[in-house]
Amino acid sequence: MLTVHDLTTPALLVDVDALDANLADMAAALPGPRLRPHVKAHKTTSLAARQAAAGHTGFTCATVREVEGMAAAGLGADLLLANEVLDARRLGVLDARVTLAVDSEETLRAAVDGGVREVLVDVNVGLPRCGIAPSRAGWLADRARAAGLTVRGVMGYEGHLMMLDDVAERGRLTQECMERLLAAHADVGGEVVSGGGTGTYALNTWVTEVQAGSYALMDTAYTAAGLPFRQALTVLGTVISVTAPAGGMPGWAVADVGLKALGMDHGNPAVPDAQVWFCSDEHLTFAPDAPVAVGDRVRVVPAHVDPTMAMHERVHLVRGDEVLDTWAVDLRGW
């Protein structure tokens with residue numbers, strides 16, 4: 001039997017029971033096509049297949065590579081690239097249904113030139129990122145149809161609201177964002193109103209489909225925002241150095257999980273029963289509540305799941321210390 005003690009660290013671990021519980025809970029909250037899972041959160045076709053088995057057969061992607069990999073894995077029934085691209089030629093040749101987000105004449109032209117036949121008009125609902133102004137959405141939809149494209153509807157992402165501490169305020173501002181999106185949809189037409197994410201999945205009742213992804217594996221940032229899903233993802237590390245308390249100074253330990261193994265844009269990771277001091281390229285320095293020894297294994301909880309997954313080539317499914325399976329993180333790259 002392979003156990004976590006046999007793995008080279010740092011190593012990604014997914015608690016299979018927590019994962020399955022998260023998939024089941026979300027499928028109950030947003031059944032079938034009400035959820036379009038975002039694969040950017042895990043970049044793993046094996047996990048996407050589990051989401052499909054839970055009833056969600058349409059998926060959201062962030063890169064051309066993700067779309068290609070999903071199609072190759074037989075998960076191409078309805079793929080949305082919820083991002084603007086200026087070269088869509090790799091998409092047009094796929095044996096899959098591909099819908100592309102557009103927010104300008106340039107991205108519209110890229111869809112036409114690349115052989116993509118269906119688009120969503122990406123609307124800026126408040127996050128200063130991609131998206132056309134709501135008042136211009138109908139104009140772009142008309143341009144798309146004139147170019148021979150099918151406009152399936154609109155999308156808009158209220159990503160700046162996902163982790164607001166005040167849930168009532170998060171809900172109020174989500175409604176404001178979605179009112180902008182619905183106004184654009186009235187001009188654009190189509191059957192799809194796509195948006196939302198893990199942080200607003202239970203609040204955003206205006207969209208026809210929610211683009212949540214992080215719920216499957218979770219991280220400390222979403223847990224702090226009060227989301228009900230279990231922490232499934234950790235990064236296994238090994239304690240490589242211990243300094244005992246001395247001269248009034250506290251002791252500390254160092255694990256081999258550093259900046260190159262963790263997404264750090266949402267802050268430091270967490271170590272259970274310890275205080276994390278800081279991370280270096282290949283080191284995590286922490287003060288444990290109880291003594292640890294060189295060679296001990298620790299499970300580090302990342303603050304941001306998406307970039308953490310993208311840093312690793314494989315992820316190990318575990319129950320306790322037993323390794324049940326290993327999946328390739330096969331949607332990395334662009």
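**Reasoning through a predicted two-domain model**

Modeller: In this predicted model, helix α9 gives three residues to the lining of the largest pocket, and that is the largest share. The volume of this largest pocket is about 860 Å³, and of the 42 residues that line the pocket, those closest to its centre are H38, K40, R129, Y157 and D306. Two or more lining residues come from each of the elements β6 (150-156) and α9 (305-310).

Colleague: What makes a residue count as part of the lining of the largest pocket, and how do the lining residues divide into nonpolar, polar and charged?

Modeller: A lining residue must have an atom within 4 Å of a point of the pocket, and the residues that pass this test divide into 17 nonpolar, 16 polar and nine charged.

Colleague: How do you know where the largest pocket lies with respect to domain 1 and domain 2?

Modeller: Domain 1 (4-11 + 229-328) and domain 2 (16-218) both contribute residues to the lining, and therefore the largest pocket lies between them. The protein chain is divided into these two domains, and their C-alpha centres lie 32 Å apart.

Colleague: What makes you say that domain 1 and domain 2 are in contact, and how many residues of each are involved?

Modeller: Contact requires heavy atoms within 4.5 Å, and by that test 16 residues of domain 1 are in contact with 23 residues of domain 2.

Colleague: What does the UniProt record list for residues 232-319?

Modeller: An unreviewed UniProt entry lists residues 232-319 as "domain: D-serine dehydratase-like". Over this stretch the chain is 7% helix and 41% strand, and its end C-alpha atoms are 11 Å apart.

Colleague: Why are β2 and β8 said to stand at the edges of the open sheet?

Modeller: The open sheet has seven strands in the order β2-β3-β4-β5-β6-β7-β8, with parallel pairing. β2 (58-61) and β8 (209-210) each have a single partner strand, so one side of each is left without a neighbour in the sheet.

Colleague: How do you know that β7 and β8 count as a pair?

Modeller: Pairing asks for at least two bridges between the strands, and β7 (residues 192-195) and β8 have two bridges, in the parallel sense, so the condition is met. In this pair G195 stands opposite V210 of β8.

Colleague: In which sense does β14 pair with β1, and in which sense with β15?

Modeller: With β1 (residues 11-15), strand β14 (residues 314-319) pairs in the parallel sense over four bridges, whereas with β15 (residues 322-328) the pairing of β14 is antiparallel, over six bridges. Residue V318 of β14 has D15 opposite it, and V318 also stands opposite V323 in β15. β14 and β15 form a hairpin with two residues between them, and G320 in the turn has a positive phi of about 65°.

Colleague: What joins β11 to β12, and over how many bridges do the two strands pair?

Modeller: A hairpin joins them through four residues, and β11 (residues 274-279) and β12 (residues 284-288) pair in the antiparallel sense over five bridges. C279 has L284 in β12 as its bridge partner.

Colleague: Why is the peptide bond between T9 and P10 called by a special name, and where does P10 lie?

Modeller: The bond joining T9 and P10 is a cis peptide bond, with omega of about 0°, and P10 lies in the segment before β1.

Colleague: What is noted about the phi of M218, and where is M218 found?

Modeller: Although M218 is not a glycine, its phi is positive, at about 70°. M218 is found in the loop between β8 and α8 (220-224).

Colleague: Which residues are in contact with T57, leaving aside its neighbours within four places in sequence?

Modeller: They are A52, A77 and D78, and T57 itself lies in the loop between α2 (45-53) and β2. T57 and D281 are 224 residues apart in sequence and 39 Å apart in space, C-alpha to C-alpha.

Terms used:
Residues are numbered from 1 along each chain as its sequence is written. This is a predicted model: local features need pLDDT of at least 70, side-chain atom pairs count only at pLDDT 80 or more; totals for chains, interfaces and linings use all residues. Side-chain values use heavy atoms; hydrogens and water are left out. On a 1 Å grid over the protein atoms alone, a cavity is a set of points where a 1.4 Å probe fits but cannot get out, and a pocket is an open set with protein on both sides within 12 Å along at least five of seven lines; lining residues have an atom within 4 Å of a point. Grid points are joined across faces, edges and corners, and a volume is the space filled by probe spheres set on the points. Ala, Val, Leu, Ile, Met, Phe, Trp, Tyr, Cys and Pro count as nonpolar, Asp, Glu, Lys and Arg as charged, and the others, Gly among them, as polar. Domain bounds come from an automatic or database domain assignment. UniProt positions are given in the numbering used here, feature names are shortened, and annotations may be inferred rather than shown by experiment.
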